[in-house]
Amino acid sequence: MTNLECTVTNCLHNCDNRCCKQTIIVDGQEAKDKKGTCCGSFDENKGGAFKNVFKTPENRLEIDCEALNCIYNENRHCQAERIGIKGAGANKAEQTLCDTFTVA
């Protein structure tokens, strides 16, 4: 399992820069750099109206990864010890990225 830091604070699943989902997916099958990736599990918290009262942030979670050109991708699962998802102000998945993506 991977330690995830997420700075996409307007995502529905973000709480204290951590994700409340047990599993996320990083998209970017043809990515050649970080900008070609995104968090496929992003859901916009429109207007910040949702407050997470039922879920708790996960310290470590499973990350399915479609970024086939990343050195951490092993059979479509991220093997990095830590990853960062970035995208301050994002209102759609394509405005986020995996900051840990490294070309194989």
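## A walk through the structure

The side chain of His 13 reaches the side chain of Asp 43 in a polar contact of 2.7 Å. That is a good place to begin a tour of this model, which is predicted.

To find His 13, look in the loop between β1 and β2, where β2 covers residues 14–15. Is His 13 buried or exposed? Its relative accessibility is 9%, and because buried means under 20%, His 13 counts as buried. Asp 43 is one of several contacts that His 13 makes beyond its neighbours within four places in sequence; the others are Arg 18, Cys 19, Cys 20, Lys 21 and Ser 41.

Now turn to Thr 9, which also belongs to the loop between β1 and β2. With 54% relative accessibility, and the cut-off for exposed set at over 50%, Thr 9 counts as exposed. Once residues up to four places away in sequence are set aside, Thr 9 touches Asn 14 and Asn 17. For a sense of scale, try Asp 33: its C-alpha atom is separated by 23 Å from that of Thr 9, and the two residues are 24 apart along the chain.

From the loop we can move to the largest nonpolar core, which has 24 residues. Which of them touch the most other members? They are Leu 4, Val 8, Ile 24, Ile 63, Ile 83 and Ile 85. Five strands each supply at least two residues of this core: β1 (2–6), β4 (23–27), β5 (38–39), β6 (60–65) and β9 (82–86). The largest share, 3 residues, comes from β6.

Ile 83 deserves a pause of its own. Leaving out neighbours within four places in sequence, Ile 83 is in contact with Thr 2, Asn 3, Leu 4 and Glu 5, and also with Ile 63, Cys 78, Cys 98 and Thr 100.

Finally, there are some empty spaces to find. The whole structure holds 2 cavities of 30 Å³ or more. The largest has about 90 Å³ of space. Its lining is made of 15 residues, and those closest to the centre are Cys 6, Cys 11, Cys 19, Ile 24 and Cys 39. Two or more lining residues come from each of β1 and β3 (18–19). By class, this lining has 9 nonpolar, 4 polar and 2 charged residues.

The second largest cavity contains about 60 Å³ of space. Here we meet Ile 83 again, in a lining that also includes Val 26, Ile 63, Tyr 72, Cys 98 and Phe 101. This lining divides into 10 nonpolar residues, 1 polar and no charged.

Terms used:
Residues numbered from 1 in each chain as written. Predicted model: local features only at pLDDT ≥ 70, side-chain atom pairs only at ≥ 80, totals over all residues. Heavy atoms only, no water. Core = buried A, V, L, I, M, F, W, Y, C linked by side-chain atoms within 4.5 Å. Buried < 20%, exposed > 50% of the residue type's maximum accessible area, 1.4 Å probe, protein only. Helix = DSSP H or I, 4+ residues; strand = E, 2+ residues; numbered from the N terminus. Contact = heavy atoms within 4.5 Å. Polar contact = N/O pair within 3.5 Å; in protein donor to acceptor, adjacent residues only side chain to side chain. 1 Å grid on protein atoms, 1.4 Å probe; cavity = no way out; pocket = protein on both sides within 12 Å on 5 of 7 lines; lining within 4 Å. Points joined across faces, edges and corners; volume = space filled by probe spheres on them. Nonpolar A, V, L, I, M, F, W, Y, C, P; charged D, E, K, R; others polar.
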